[in-house]
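Biologist: Got a minute to look at something with me? I'd like to talk through the rings and the pockets.
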Amino acid sequence: MTTTLITGANKGLGFETARRLIAAGHTVYVGARDDLRGKEAVERLNAHGGGGEARPLLIDVTDDDSVQAAAAVVREQAGHLDVLVNNAGIAGPRKPVGAVTGSDTRSVYETNVFGPVRVTHAFLPLLEAADAPVIVNVGSGLGSLAVTTDPARFESTLPALVYCSSKAALNMITVQYAKAYPKIRINVVDPGYTATDLNGHNGVQTVEQGAEIIVRMAVIGADGPTGGYFDAAGPVPW
C-alpha cells in the first residue's frame, strides 16, 4: 500500500488531497500542528471510506523537534514514505509593500520556505527507502516571475511581497532538490485561486478543483516528470 504524508492536511486543499488519495488506496498520514484538529480530520476522512486509510500525525513544520518526532513515527509504523506533499502554508500579513518588515517576512518563511526544507530533510531517508518516491510542493502562481509580471494575468494585480516571494523561493527549492535527487520525482504545483481559509474563501475554484493537480502529481510514478512547475493545464512558466 502507498504511504503518503500531507502537511497541513486537516482542512482545505490538504484535506481534499487526503480524501482523494485515500479513495485511491493510499495510507495517508494527516499532518496537523493541532493534535485535536488532526484527529478530527482523520475521523472525517475514514468515514468517507475508500481503499486506504487516514492516520493522524502531529507535526509543526516550523519546529525541528516536532518534525523529527513525526519522522520517527512514520519510520516506526511504515518504514518508508512513498509520497510527501508539502502543503502547509500561511498567507502572512496583508500590508502595502513598503510597510513590510523583516519580521513579517521571517514569520511567513518559517512555514512556507523553511518548513518544506525542514520536512523534506527529515523524511528523505524514508523517501529513499521507497520504490518510486514522489515529492509535491504546493506552490502558487503568485510565486511565478513570468505570471506575476504578465499584465494579462490576474496574479500581476496582487501586491503581496511576503507570500509571493516565499512561493518563488519554494520554486527554486524544488529545482535544487530535483537536481540533487534524480531518483525522486520532485515537482511544484499551482492549485489556482482556490477558496480556502488562506484567502478568506475568496477564491474562484472549489477545493475539489484546486486539489486536482496536487493529486495528479502525487501519483505520477517513477516515469513521471521531475523538477517542473505545473497547474491543471500542464507545465507553467517559472
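Modeller: Sure. Keep in mind that this is a predicted model. Let's start with Tyr177, which has a relative accessible area of 17%. That is under the 20% cut-off, so Tyr177 counts as buried.

Biologist: And Tyr181, what's its relative accessibility?

Modeller: Tyr181 comes out at 27%. It counts as partly exposed because that value falls between 20% and 50%.

Biologist: How many aromatic pairs are there?

Modeller: The count comes to three aromatic pairs. One of them joins Tyr109 and Phe114, with ring centres 6.3 Å apart and planes at 70 degrees.

Biologist: Why is that pair edge-to-face?

Modeller: Because the planes are at 70 degrees, and over 60 counts as edge-to-face. Tyr109 is buried at 18% relative accessible area, while Phe114 is partly exposed at 37%.

Biologist: Back to Tyr177 and Tyr181: what kind of pair do they form?

Modeller: A tilted one, with 35 degrees between the planes and 6.5 Å from centre to centre.

Biologist: OK, switching to pockets. What's the volume of the second largest one?

Modeller: The second largest pocket has a volume of about 150 Å³. It is lined by 14 residues, and the closest to its centre are Thr2, Asp82, Val83, Ala132 and Gly221.

Biologist: How does that lining divide into nonpolar, polar and charged?

Modeller: Eight of the residues lining the second largest pocket are nonpolar, four are polar and two are charged.

Notes:
Residues numbered from 1 in each chain as written. Predicted model: local features only at pLDDT ≥ 70, side-chain atom pairs only at ≥ 80, totals over all residues. Heavy atoms only, no water. 1 Å grid on protein atoms, 1.4 Å probe; cavity = no way out; pocket = protein on both sides within 12 Å on 5 of 7 lines; lining within 4 Å. Points joined across faces, edges and corners; volume = space filled by probe spheres on them. Nonpolar A, V, L, I, M, F, W, Y, C, P; charged D, E, K, R; others polar. Phe/Tyr/Trp six-rings, centres within 6.5 Å; stacked < 30°, edge-to-face > 60°. Buried < 20%, exposed > 50% of the residue type's maximum accessible area, 1.4 Å probe, protein only.
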